[in-house]
Amino acid sequence: LFAGGYGGSAQIFRSTVEFITIATLGDATDFGDLREAIVGVGGAADTTRGLFAGGVVPGAYRNSIDQFTIATTGNATDFGDLTVARRNPAGTSDSTRGVFFGGNDSGGTNVIDFVTIQSAGNATDFGDSTSNQADASGTSDSIRGVFSAGYYGSPNLSNVIEKVIIQTTGNSVDYGD
């Protein structure tokens, strides 16, 4: 699933959600809509549910988490809220837990939140990152979440790579550069 973003030459905020089937070649297809037009969400998923968290709507940072049932197209419903409103949190997940790392709340933030993907509700504090990274990238295997290459206040780009153990809360640790 791909959600939100800017559209057109006027940079209009979008609520569109599209999907592709990874096993086949082809263009993205309409899936449904987020609950509002937004830019800069972080994503996490298990095999049945997809989540999009944070973002910015015109004039305000957002703390909401939208949820989708992956097997059926349709519009988002409310899942809960992040602990801090922010845009561009890096998202990652294992088979049960989603983690949202950092983001921008008018500067970088070191907040890391987590949710249990199959239990709608508000995010819980996971720990803190070693740096205040905004706009980082996230990826994971079934054990570790790894976050990298954000920035910590314009124009300071970061080459820091941090990791967490997804099922064990705590602060992130340096993973390399």
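The following paragraphs describe the strands, aromatic contacts and charged pairs of a predicted model. Residues are numbered from 1 along each chain as its sequence is written, and side-chain values rest on heavy atoms, with hydrogens and water left out. In this predicted model, local features need pLDDT of at least 70 and side-chain atom pairs count only at pLDDT 80 or more, while totals for chains, interfaces and linings use all residues.

A convenient starting point is the open sheet. Four strands make up this sheet in the order β5-β6-β9-β10, and their pairing is antiparallel. Strands are DSSP runs (E, at least two residues) numbered from the N terminus, and two strands pair if DSSP finds at least two bridges between them. At the edges stand β5 (42-45) and β10 (77-81); each has a single partner strand, so one side of each is left without a neighbour in the sheet. From one strand to the next the twist averages 25°, where the axes are lines fitted to C-alpha atoms and the angles run from 0 to 180 degrees between N-to-C directions. Within the sheet, β6 (residues 49-53) and β9 (residues 64-69) run antiparallel and are joined by five bridges. R49 has T69 of β9 as its bridge partner.

Further along the chain, strand β16 (residues 144-148) runs antiparallel to strand β17 (residues 161-165), with five bridges between the two. Here G145 has V164 in β17 as its bridge partner. Strand β17 also pairs with β18 (residues 173-176) in the antiparallel sense, over three bridges, and E162 stands opposite D174 in β18.

Aromatic side chains offer a second view of the structure, which holds five aromatic pairs. Rings of Phe, Tyr and Trp (its six-membered ring) pair if their centres lie within 6.5 Å; planes under 30 degrees apart count as stacked, over 60 as edge-to-face and the rest as tilted. The ring centres of F31 and F68 are 5.7 Å apart and their planes meet at 75°, so this pair is edge-to-face. The pair links distant parts of the chain, with F31 in strand β4 (residues 29-38) and F68 in strand β9, 37 residues apart. F31, at 5% relative accessibility, counts as buried, and F68 is buried with a relative accessible area of 3%; buried means under 20% relative accessible area, exposed over 50% and partly exposed in between (1.4 Å probe, protein chains only). F68 also pairs with F52: their centres lie 6.1 Å apart and their planes stand at 80°, so this contact too is edge-to-face. Ring pairs link F19, F31, F52 and F68 into a cluster.

Charged side chains complete the picture. The structure has six salt bridges, each being a side-chain nitrogen of Lys or Arg within 4 Å of a carboxyl oxygen of Asp or Glu. D66 meets R35 in a salt bridge of 2.6 Å, N to O, and forms another with R62, with the closest N and O atoms 2.8 Å apart. D66 is buried, with a relative accessible area of 0%, whereas R35 is partly exposed, at 39%. A network of salt bridges links R35, E36, R62, D66 and D78.

In another salt bridge, the closest N and O atoms of R87 and D135 are 3.5 Å apart. R87 lies in the loop between β10 and β11 (90-93), and D135 in the loop between β14 (124-128) and β15 (137-140), so the pair ties together parts that are 48 residues apart in sequence.
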